[in-house]
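Student: I have a new structure to read. Can we go through the terms and see what earns each one?

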Amino acid sequence: MSTSAARPLRRDAERNRHRILEAAAEAFAERGLTITMDDIAEHAGVGVGTVYRRFPQKELLIEALFEERVGELVAMAERALEEDDPWEALVGFLEGAQALQATNRGLKELVLSTTHGRERVACVRERLAPLADALVERAQVSGQLRPDIDGTDLPVIQV
């Protein structure tokens, strides 16, 4: 027996899903995570029922959108760890992450939030924490960062 999740979407349904994701990405980036599903539907040019049919909960829409962005943050940290100079690696990561968050209010709210997508935020922190710790430790071992800083200070520094 085939479930609806396993079946490919009809072309019009796929087109609507794409419009919803695109509209939500723009709206979240501009206005943050507090926008409503009605706002997203209006921006996408579809009925709110269509939005809820594709994403029954706002959290599911947030997760669908930000998994890719979170992957970008993780990739930035991994690339930074490949840098020869530990200080440049740390600063480069912080600048890159800050630039990504500066252009996407929703991502910033998601990464620094405790209210939206708690499971997703925990997963992000779980993926980023060891990388951030390694960047900090490398900079400290090289003598370029004072010893009383740790990886958990990086989000505070970014704020």
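## Reasons behind the labels

Tutor: We can. Keep in mind that this is a predicted model. Start with the outline: the protein has 8 helices and 0 strands.

Student: How many of the 159 residues are buried, as a percentage?

Tutor: Buried residues make up 37% of them.

Student: What makes N104 buried?

Tutor: Its relative accessible area is 9%. Buried means under 20%, so N104 qualifies. N104 sits in the loop between α5 (86-102) and α6 (105-112).

Student: What does N104 touch, leaving aside neighbours within four places in sequence?

Tutor: N104 is in contact with F28, A29, F66 and R69.

Student: Why is the pair D39 and R31 called a salt bridge?

Tutor: Their side chains meet with N to O at 3.1 Å. The cut-off is 4 Å between a side-chain nitrogen of Lys or Arg and a carboxyl oxygen of Asp or Glu. The pair therefore counts as a salt bridge. In general, side chains of opposite charge can pair when their charged atoms come close.

Student: Are those two residues buried, exposed or partly exposed, and how do you know?

Tutor: D39 has a relative accessible area of 25%. R31 has 42% relative accessibility. Partly exposed runs between 20% and 50%, so D39 is partly exposed, and so is R31.

Student: How many salt bridges does the structure hold?

Tutor: It holds 2. D148 forms a salt bridge with R146, with the closest N and O atoms 2.7 Å apart. That value is within 4 Å, so the name fits. D148 and R146 are both exposed.

Student: What makes R125 partly exposed?

Tutor: R125 has a relative accessible area of 40%. That lies between 20% and 50%, so the label follows. R125 belongs to helix α7 (residues 118-141). The C-alpha atoms of R125 and T152 are separated by 9.6 Å, with the two residues 27 apart along the chain.

Student: Why are α1 and α2 called oblique to each other?

Tutor: Two packed helices are described by the angle between their axes and the distance between the axes. Here the axes of α1 and α2 come within 8 Å and cross at roughly 120 degrees. Roughly perpendicular covers 65 to 115 degrees, and roughly antiparallel needs over 145. The angle falls outside both, so α1 and α2 are oblique. The crossing is right-handed.

Student: Which residues meet where α1 and α2 pack?

Tutor: From α1 come R19, I20, A23, A24, E26, F28 and R31. From α2 come D39, I40, H43 and A44.

Student: Which residues have the most contacts inside the largest nonpolar core?

Tutor: They are I20, F28, I40, L61, F66, L90 and F93, in a core of 43 residues. α1 (11-31), α2 (37-44), α4 (58-81), α5, α6 and α7 each supply at least two residues of this core. α4 gives the most, with 10 residues.

Student: What does I20 touch, not counting residues up to four places away in sequence?

Tutor: I20 touches I40, A44, V46, T50, V51, R54, F55 and L61.

Student: How many contacts, as a percentage of those between residues at least 6 apart in sequence, join residues at least 24 apart?

Tutor: The share is 65%.

Methods:
Residues are numbered from 1 along each chain as its sequence is written. This is a predicted model: local features need pLDDT of at least 70, side-chain atom pairs count only at pLDDT 80 or more; totals for chains, interfaces and linings use all residues. Side-chain values use heavy atoms; hydrogens and water are left out. Buried means under 20% relative accessible area, exposed over 50%, partly exposed in between (1.4 Å probe, protein chains only). Helices (H or I, at least four residues) and strands (E, at least two) are DSSP runs, numbered from the N terminus. Contact means heavy atoms within 4.5 Å. A nonpolar core is a set of buried Ala, Val, Leu, Ile, Met, Phe, Trp, Tyr and Cys residues joined through side-chain atoms within 4.5 Å. Axes are lines fitted to C-alpha atoms, for helices over the stretch in contact, and angles run from 0 to 180 degrees between N-to-C directions. A crossing is left-handed if the near helix is turned anticlockwise from the far one by less than a right angle, and right-handed if clockwise.
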